[in-house]
Amino acid sequence: MDYLMSEDKIMLLAELWEHYGLYPHFMFDVFESYSEEELKDTQFWIKMQIDGYMEYDELLHKINNLSEKQGKKWNNLKLLEAAVIRNLDDKLLPYLQSVHFRALDEMDIENDRIFVSFDAPIRYEEIIDYIQDLRNQGLPFISAMRGFWIDYQFCDEYGSHENSICVDFKYQQIMCKESRESIEKILEKINQDYMPKEMLRHYYEQIQDIKLNIMQNESEGICQMVEFMESVKIRDFNELRNEILNQEELNEYAQHISKNGVRELKMFLENYDSEHVHDFYYLNESNHLERLDKELALILMDDAASCISFDRVMGYEQTKDYLSDLLPNEAEELIKKCQENLWLKKGGIPFEDDDLSEEEYDYHFRRCERRMDLMNAISDVGWAIRDGFVYKNMAFIQQVNGGDEYWTLIHDGEKWIDYESVTFRPSIENDRFYSLLDQLEKEGQKAIERERSRKDRNRGERL
């Protein structure tokens with residue numbers, strides 16, 4: 001396991017090196033596996049020995065004991081990493097819903113104490129990083145404990161499946177309640193287009209964020225796009241990624257093409273500008289090189305989105321369980337603000353073409369944790385007047401019964417500030433909802449700044 005040392009640890013090792021010539025019995029490499037706390041203890045013992053407060057044999061005994069524990073910890077974490085690599089591989093990863101690390105007691109009893117949990121969407125690197133962190137922290141129980149249970153749950157279109165991996169440090173064994181062969185049989189039957197809903201929701205938002213980033217910061221957005229394509233374990237995504245070349249891949253590919261002659265190499269590099277080197281290039285259907293610019297990157301992101309079916313997470317029925325009512329005090333604050341709007345206030349402009357009285361239209365606000373939930377709710381339902389949604393510190397309240405005109409407000413930490421009236425459905429139909437919401441958020445921040453400037457001016461006039 002490779003890991004980066006902190007600056008504090010490097011300083012501690014440098015200080016130890018100053019005294020290392022006095023203690024040739026110790027392999028200096030051993031100290032590199034110590035935690036910062038263990039290095040401080042070792043320094044303290046060495047200084048005590050130098051000052052005559054500790055015998056050399058006692059120092060040797062203490063460091064040997066610590067090194068022995070380090071060896072156990074190293075072997076235990078290598079075993080834990082091997083358990084993850086063998087069992088939580090690329091085939092299983094897209095369908096994982098949760099992974100829990102629990103302690104294995106000395107008496108072979110399962111312990112309910114959970115050390116860490118991972119929830120979908122789960123990245124393989126996150127789990128490996130956690131194991132590396134255990135080593136870097138130098139936690140003493142890793143060398144002393146019996147082992148770990150790794151519980152994981154994965155889903156297919158028919159339901160969920162569970163398995164547990166026992167990582168036994170004492171006997172250096174890895175055992176599974178369900179064999180890898182039985183898990184493989186389940187995976188073979190899974191529809192490869194199926195993904196857990198939480199993962200689909202995450203991917204949809206990630207795709208929209210990357211498209212926004214490409215439009216606002218081309219170079220950074222394209223780098224983000226490539227990383228995303230590499231992280232999604234879907235064959236079509238891998239094929240898209242293979243059409244994109246970074247500088248190192250471009251050099252290797254150019255060397256390969258050159259074997260077919262100068263003419264073909266010249267055609268391949270026809271669009272390559274050596275004076276303006278870019279991070280990534282695109283290999284088109286004719287096997288010719290193109291600069292990967294903003295327009296092409298957005299097309300590729302649309303191609304990537306088409307590789308995943310998002311039908312199971314789109315629409316109000318799929319999103320209603322993710323909406324929640326505001327707390328009473330939050331709702332009251334918004335209702336109070338609505339009294340400043342002639343269309344929404346009690347006793348305001350009469351409702352037209354409606355047999356129901358305004359008393360039958362109560363205020364009802366729902367919180368959306370994700371932008372896609374706001375989009376799904378607004379696009380699928382003709383909400384009644386005084387219905388509204390809150391996302392982050394923004395609120396959108398329906399002003400036309402069953403229509404699409406939302407009073408838009410932003411909270412500055414003290415009160416609601418109204419600054420816009422917006423229709424959403426055209427932006428949803430034209431795949432511009434996320435960029436519109438991003439624009440509204442920026443305009444809202446400007447409204448907050450204007451309100452603060454107005455307050456400052458009023459305060460200055462009073463003085």
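Contact here means that heavy atoms lie within 4.5 Å of each other. In this predicted model, Phe 424 is in contact with Ile 378, Phe 396, Asp 404, Tyr 406, Phe 433, Leu 436 and Leu 440, when residues up to four places away in sequence are not counted.

Phe 424 also belongs to the largest nonpolar core, which comprises 56 residues. Together with Met 225, Leu 292, Leu 374 and Phe 389, Phe 424 is among the residues that touch the most other members of this core. Helix H8, spanning residues 197–216, supplies the largest share of the core, namely eight residues. A second core, separate from this one, contains 33 residues, including Leu 77, Leu 79, Ala 83 and Leu 93.

The model also contains an open sheet of three strands, arranged in the order S6-S7-S8 with antiparallel pairing. In general, the strands of a sheet pair through backbone hydrogen bonds, in either a parallel or an antiparallel manner. Strand S6 (244–246) and strand S8 (289–291) form the edges of the sheet, each pairing on one side only. On average, neighbouring strands of the sheet are turned by 40° against each other, with direction ignored. Between strand S7 (residues 280–283) and S8, the antiparallel pairing extends over three bridges. Tyr 282 has Glu 290, in S8, as its bridge partner. Helix H11, formed by residues 247–258, packs on the sheet and touches S6, S7 and S8. The direction of helix H11 makes about 100° with that of S6.

How values were computed: Residues numbered from 1 in each chain as written. Predicted model: local features only at pLDDT ≥ 70, side-chain atom pairs only at ≥ 80, totals over all residues. Heavy atoms only, no water. Core = buried A, V, L, I, M, F, W, Y, C linked by side-chain atoms within 4.5 Å. Buried < 20%, exposed > 50% of the residue type's maximum accessible area, 1.4 Å probe, protein only. Helix = DSSP H or I, 4+ residues; strand = E, 2+ residues; numbered from the N terminus. Pairing = 2+ DSSP bridges. Axes fitted to C-alpha atoms, helices over the stretch in contact; angles between N-to-C directions.
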